[in-house]
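Biologist: I'm new to this. Could you show me how to read a pocket?

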Amino acid sequence: MKKFTFLIILFFLAILSHAQDRVLVEAESFDNTGGWVVDQQSFDVIYSSYLMAHGMGKKVADASTKVAFEKPGKYHIWIRTKDWAPFPKGPGRFTVLVDDMPLAIEFGSSGSDEWDWYYGGQVEVKNQFINLKVQDLTGFNGRFDAIYFSTSKEDTPPNQHDKLLDFRKNLLGLERNTITEGQFDLVVVGGGIAGTAAAISASRMGLKVALIQNRPVLGGNNSSEIRVHLMGRVDQNHFPKLGRIVRELDNGDPGNGNWDGDRYGDARKMAVVQAEPNIKLFMNTHVYQVEMEKNKIVAVLGRNIRTNEEIRFTGTYFSDCTGDGTLGFLAGADFRMGRESQAETGESLASETSDDFTLGTSNLWASLEKEKPSDFPLTPWAIQFSDEYHIDDEKADWQWETGFGNFNTITEAEKIRDHNLRAIFGNWSYLKNQKKDKYSNHELAWVAYIGGKRESRRLLGDHILTQMDIQEGIMYPDGTVTATWTIDLHFPDAKNSLYFPGEEFFAATEHIRVQPYTIPYRCLYSRNIDNLFMAGRNISTTHVAFGSTRVMRTCGMMGEAVGYAAYVSKKHSSTPRGVYENHLREFMTLIQSPLSNELIIIPPKN
């Protein structure tokens, strides 16, 4: 019996020793990311951020970090990466150096566009720490997700995304070290124009608000990372109180894809939010799990896209301002994605049959003319252009767009962005090498690596806005936000489709003009999740109606309305639906009256 017990002890000691001989290094958590950028756009697919060498064809500075080991020894090393443009092999090559000694192979040009672990050989760890460095070789978007060390060559990490998530959580101790924030009246997930406006609106009504944004800047598509101008009008409002916050956030109109990122007003948006004492701001935090009690959200879990710290947020109400409807999807909210049929909605502009077609994602770019000529390499891995078809321009506008149902804008967001990059770099290479008289002195000044999405999930509320609601100008009793934009439904440009069928990256549109109309409040909360609001492009509309509601000034006013509705709901210990059913008059009075002695704001009970 004693011998058996002793063997069990030895077995568990061996397991403990083995566990100490494994080290996982997340790319995004490197001490110094150098010229590499953090990309979290596919977090909902791969459950991780990664580093990318976005140098627009020029090598970026090395990423480096110091790695601690429990004990010295010989370790096997794996790098998780992919070949993002395997046509047949892409340009994303990089090397990994351990204590300044490069591994024997290069990474990033395997010919496979699937994320996977690539074996890098064996290294000797002589001290408690090693210096790890990743060196870009091309400037063309090489990327890596993580680096793993183990004393066993058979210990290849799991590659399936959900199993790898458990592996990460275990080795990084994420669940053991979760940070719990205090209770909030309103948790706003998504820091675009809609989410930022919702947080400010609720804050000014006295609510305690958490604003969670998964990027280092606020503004979403209107940020310096994406650079889309604000559209829609706030001066034709049935309820003039709505739109005031949008005006505060509006930094003017620099157009789409301006080379000067400062003109999009990141600092302005941040200053407005930071001046609000009732808002607690969490940047670089991606929400990817929810906790539910029946049909009610209790808490959300977010992970910092740089440090990997996990944070738990509890709240009374939640607002999905993610654009993708991520929070609603995680909570089990009813949603729709793609086009409805004419038979289903009765809309003349609807598709004859329902399908997965969505408006696409844009990656804008701009060049500048310099005093001296410059070169740009040939790009055989990119989309190929010719005298017969190329895009002769020094910058992009909204037409540079990929999606249209041939790519899923959520599950294939990385592939869409990469397709856009292949189009941008391929076209620019053609202009620089074949039209030197015009473009010899031009250089790429900026290329967006964060995609500007138009359409994905639409969360369903108690009312689904339709083409008829818009064109007939129906004024429902709960009509709130006044929308002014045309019904603007993009589709592939015909010439682009001719040359790149099924792989379009350039769009066209027809503007169906409308008179100002109101969006019912019932489009701004979920029909089956009891405490979930939504604001932005993910509200309750048909695909056709979405073509008009999706622009950012309009989305910002939705956020303002949600903030006021959350106040009324909290005041009466009600629900988003309860505001419509039992307190609509108070809510409508609130959004149409200026703050004055005529309207006394009573802070909600804690």
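Modeller: Sure, let's start with the second largest pocket: its lining has nine nonpolar, five polar and ten charged residues (Asp, Glu, Lys and Arg count as charged; Ala, Val, Leu, Ile, Met, Phe, Trp, Tyr, Cys and Pro as nonpolar; the others as polar). This is a predicted model, where local features need pLDDT of at least 70 and side-chain atom pairs pLDDT 80 or more, while totals for chains, interfaces and linings use all residues. Residues are numbered from 1 along each chain, and side-chain values use heavy atoms, without hydrogens or water.

Biologist: How much space lies in the second largest pocket?

Modeller: Rolling a probe the size of a water molecule over the atoms shows where empty space is left. Here there is about 480 Å³, as the space filled by probe spheres on the grid points. A pocket is an open set of points on a 1 Å grid where a 1.4 Å probe fits, with protein on both sides within 12 Å along at least five of seven lines; lining residues have an atom within 4 Å of a point.

Biologist: Which residues are closest to its centre?

Modeller: Of the 24 lining residues, they are Lys 82, Asp 113, Glu 414, Lys 415 and Asp 418. Helix H9 (413-434) and helix H2 (43-46) each give two or more residues to the lining, and H9 gives the most, with six. Helices are DSSP runs of H or I, at least four residues, and strands are E runs of at least two.

Biologist: Where is Ser 150?

Modeller: Ser 150 is in strand E10, residues 140-150. A 2.9 Å polar contact (here, N or O atoms within 3.5 Å, one able to donate a hydrogen and the other to accept it) joins its side chain to that of Asp 155.
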